[in-house]
Amino acid sequence: MRRTIAVVSAGLRQPSSTRMLADRLADAARRELEQLGAEVDVELIELRDHAHDMVNNLLAGYPSEELKRVHETVAGADALIAVTPTFSASYNGLLKMFVDVLDDTALVDKPVLIAASGGTGRHSLVLEHALRPLFAYLHAVVVPTAVFAAPEDWGAGDTAQSSLVHRIDRAAGELAREVDRRDKPTHTDPFDDPTPFEHLLAGE
């Protein structure tokens, strides 16, 4: 089965640690889904490339053709990975603007993995205090593990690298399993395979 993962990166610079984290998460999620037997397409969306269109959307009330395609990509994906830099203990304006112009129903019941980058590990609370409530409000299904990457996580030390890799792999595994279970029955209907009446009479 073919699956599509939309990856939204709200980084402001190129290159950026936000984009680097987004790429790592996308690779891990692809790998986990492939292990579950899926063929995977990853659609990367750099919000900085659509900033002017998003402003125009807010002012005019409708998206450009390019931004409309971005909205359709997110709405049609089997899962979303959303990564933002930390600004004033919250997600940045690019991500907020994107959510503001996105259709209210685009993320309903969609598996979402949230992640953030920041200048210090103390900013990691942005995940639970800002990002998770945002996507819960949009009725998305946010996986339990969120991933935060501080500068020290990208350092040369094996301990820092292995800790980040572990968090990425755990979050990606949760996302993949949530996507995979969507086409599988969650319960068995007892009327699908009833016991024949003659068997009931015979006490079988």
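This report walks through the fold, the helix packing and a few individual residues of a predicted model.

## The overall picture

Let's start with the whole chain. The protein has 204 residues, and 45% of them count as buried. Seven helices and seven strands make up its secondary structure. Read from the N terminus, the elements come in the order β-α-β-α-α-β-β-α-β-α-β-β-α-α.

Contacts that reach along the chain are well represented here: among those between residues at least 6 apart in sequence, 78% join residues at least 24 apart. The protein exposes about 11100 Å², and carbon and sulfur atoms supply 52% of that area.

## Helix H2 and its two partners

Two packed helices are described by the angle between their axes and the distance between the axes. Helix H2 covers residues 51-60, and helix H4 covers residues 93-101. Their axes lie 10 Å apart and make an angle of about 45 degrees. Angles from 65 to 115 degrees count as roughly perpendicular and those under 35 as roughly parallel, so an angle between those ranges is called oblique. H2 and H4 are therefore oblique to each other, and H2 passes H4 in a left-handed crossing. On the H2 side, the residues in this contact are Ala51, Met54, Val55, Asn57 and Leu58; they meet Leu94, Met97, Phe98, Asp100 and Val101 of H4. By class, the contact holds eight nonpolar residues, one polar and one charged.

H2 also packs with helix H3, which spans residues 65-76. Here the angle is about 95 degrees and the axes are 9 Å apart, so H2 and H3 are roughly perpendicular to each other. Asp53, Met54 and Asn57 of H2 meet Glu66, Leu67 and His71 of H3. These residues divide into two nonpolar, two polar and two charged. If you are following along in the viewer, look for Met54 and Asn57: H2 uses both in its contact with H4, and both appear again in its contact with H3.

## The buried side of H4

H4 is worth a second look for its buried residues, which are Leu94, Leu95, Met97, Phe98, Val99 and Val101. They pack against strand E1 (2-9), H2, H3, strand E3 (79-87), strand E4 (90-91) and helix H5 (126-137). Leu94, Met97, Phe98 and Val101 are also among the H4 residues that meet H2.

## Backbone details to look for

Most residues other than glycine have a negative phi, and most peptide bonds are trans. A few places in this model depart from that pattern. The peptide bond from Gln14 to Pro15 is cis, with omega near -5 degrees, and Pro15 sits in the loop between E1 and H1.

Ala89 has a positive phi, near 65 degrees. Ala89 belongs to the loop between E3 and E4, and it counts as exposed because its relative accessibility is 57%. Asp109 likewise has a positive phi near 65 degrees. Its place is the loop between H4 and strand E5 (111-117), and with a relative accessible area of 45% Asp109 is partly exposed.

## Gln35 on helix H1

One last stop is Gln35, which lies in helix H1 (residues 17-35). Is Gln35 buried or exposed? Its relative accessible area is 59%, so Gln35 is exposed. The C-alpha atoms of Gln35 and Ala176 are separated by 9.3 Å, although these residues are 141 residues apart along the chain.

How values were computed. Residues are numbered from 1 along each chain as its sequence is written. This is a predicted model: local features need pLDDT of at least 70, side-chain atom pairs count only at pLDDT 80 or more; totals for chains, interfaces and linings use all residues. Side-chain values use heavy atoms; hydrogens and water are left out. Helices (H or I, at least four residues) and strands (E, at least two) are DSSP runs, numbered from the N terminus. Buried means under 20% relative accessible area, exposed over 50%, partly exposed in between (1.4 Å probe, protein chains only). Axes are lines fitted to C-alpha atoms, for helices over the stretch in contact, and angles run from 0 to 180 degrees between N-to-C directions. Angles under 35 degrees count as roughly parallel, over 145 as roughly antiparallel, 65 to 115 as roughly perpendicular and the rest as oblique. A crossing is left-handed if the near helix is turned anticlockwise from the far one by less than a right angle, and right-handed if clockwise. Contact means heavy atoms within 4.5 Å. Ala, Val, Leu, Ile, Met, Phe, Trp, Tyr, Cys and Pro count as nonpolar, Asp, Glu, Lys and Arg as charged, and the others, Gly among them, as polar. Accessible areas come from the Shrake-Rupley method with a 1.4 Å probe; for residues, only the protein chains shown count as cover.
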